Amino acid sequence: MVDSIRIKATGSVSNVACGFDCLGYSMEKPGDEITLTKNKLDEINITISGIQAEKIPINPVKNTAGKAIISMLSYLELSHGFDLHIKKGIPPGSGIGSSASSAVGAVFALNKILGNPLNEEELMIHAMEGEFVASGSRHADNVGPSLYGGMVLIRNYKPLDIIHIPVPECLWNITILPYYEVNTKDARKILPKYVSLSSAVQQTGNLAGFILGCINSDFNLISRSMEDLFAEPLRKKLIPGYEIVKNSAIENGAIGCGISGSGPSMFALSTNQQTAELVAKKMQFSFKKSGLESKSYVSKINKNKPQILD
Ligand code: HSE
């Protein structure tokens with residue numbers, strides 16, 4: 001058994017338009033690095049470096065990775081202390097699973113140090129405790145993809161039922177991160193408590209269509225299904241230039257486009273690399289016209305789990 005480990009867990013696109021709080025996929029980049037080292041004290045000491053490190057609390061109960069570790073240690077009835085260093089590669093408030101990737105990296109690292117006492121589903125539960133600290137909700141559509149890789153559906157929360165969705169080999173993700181922050185807690189507060197039966201029916205149809213489209217590589221069906229009736233109508237107002245950026249993605253060949261998680265990042269899907277790169281350029285250009293510089297991430301959907309760096 002080792003006393004110290006360094007893990008990289010990557011970001012993710014959640015909701016994927018039609019799967020609010022229950023669908024997400026993993027990105028190849030960016031990611032957070034977690035270094036976890038046993039210490040001789042009975043406490044968790046957190047240090048943070050990297051992108052916007054100063055915005056993240058180092059108090060373990062207020063930190064997503066710290067809270068996930070505390071939850072897991074308490075479940076295992078252990079009282080070891082740990083030094084936890086988080087190197088942020090994903091800015092907080094970006095909509096690409098910043099808090100989830102730190103929480104996942106932390107539980108994955110702790111599990112390795114302890115000799116793998118928990119399975120992935122159990123790790124999810126503790127990573128979700130970390131997510132709760134950041135967003136006020138225990139949703140798993142970022143935590144799931146970050147932990148398992150690929151695309152996952154959370155069919156049920158209590159008990160957790162994680163379904164792995166096959167992803168067509170030629171599907172490309174485009175994620176555009178504008179330099180602008182939307183706090184997940186705030187973006188959840190504006191959501192409706194209730195939705196109408198007709199929009200629930202339509203969203204259910206879209207989610208089923210999207211998944212069947214993935215299974216059958218039916219890109220037309222995927223495209224028709226990428227519509228969000230729950231969050232997008234309210235949240236798009238939080239993102240400067242949203243409609244222009246979305247239109248530019250669709251006009252340039254994306255099969256669908258929407259808000260990544262709670263935003264402000266936006267994602268699009270395409271069926272080949274060339275289109276993906278063009279769409280990324282056009283989306284960035286549209287954000288710029290709306291006054292926002294941005295960064296783009298273009299890759300296939302990441303199939304990998306968190307990576308052990310050393
Ligand atoms: N499903 C979540 C939401 C993702 O849309 O609020 C953000 O963490």
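Domain bounds here come from an automatic or database domain assignment, and the model shown is predicted.

**View 1. Two domains make up the assignment of the protein chain.** Domain 1 covers 4-165 + 303-308, while domain 2 covers 172-300. Measuring over C-alpha atoms is the basis for the distance between their centres, which is 24 Å. Across the boundary, 34 residues of domain 1 are in contact with 36 residues of domain 2.

**View 2. The ligand lies between domain 1 and domain 2.** Why there? Both domains give residues to the shell around the ligand, so it lies between them. The space that the ligand takes is the largest pocket.

**View 3. A shell of residues surrounds the ligand.** Here you can pick out Ser-14, Asn-15, Phe-20, Asp-21, His-139, Asp-141, Asn-142, Thr-184, Arg-188, Arg-235, Gly-261 and Ser-262. By residue class, the shell has one nonpolar, seven polar and four charged members.

**View 4. Polar side-chain atoms of Asp-21, His-139 and Asp-141 meet the ligand.** Let's take these residues in turn. For Asp-21, a polar side-chain atom is 2.5 Å from a nitrogen atom of the ligand. In Asp-141, an N or O atom of the side chain lies 2.7 Å from a ligand nitrogen atom. His-139 instead faces an oxygen atom of the ligand, with a polar side-chain atom 2.8 Å away. On its own the ligand has 260 Å² of accessible area, and the protein covers 97% of that.

Terms used. Residues are numbered from 1 along each chain as its sequence is written. This is a predicted model: local features need pLDDT of at least 70, side-chain atom pairs count only at pLDDT 80 or more; totals for chains, interfaces and linings use all residues. Side-chain values use heavy atoms; hydrogens and water are left out. A residue is near a molecule or strand if one of its heavy atoms lies within 4 Å of it. A polar contact is a pair of N or O atoms within 3.5 Å; within protein, one must be able to donate a hydrogen and the other to accept it, and residues adjacent in sequence count only if both atoms are side-chain atoms. Accessible areas come from the Shrake-Rupley method with a 1.4 Å probe; for residues, only the protein chains shown count as cover. On a 1 Å grid over the protein atoms alone, a cavity is a set of points where a 1.4 Å probe fits but cannot get out, and a pocket is an open set with protein on both sides within 12 Å along at least five of seven lines; lining residues have an atom within 4 Å of a point. A molecule sits in a cavity or pocket if more than half of its atoms lie within 2 Å of its grid points. Ala, Val, Leu, Ile, Met, Phe, Trp, Tyr, Cys and Pro count as nonpolar, Asp, Glu, Lys and Arg as charged, and the others, Gly among them, as polar. Contact means heavy atoms within 4.5 Å.
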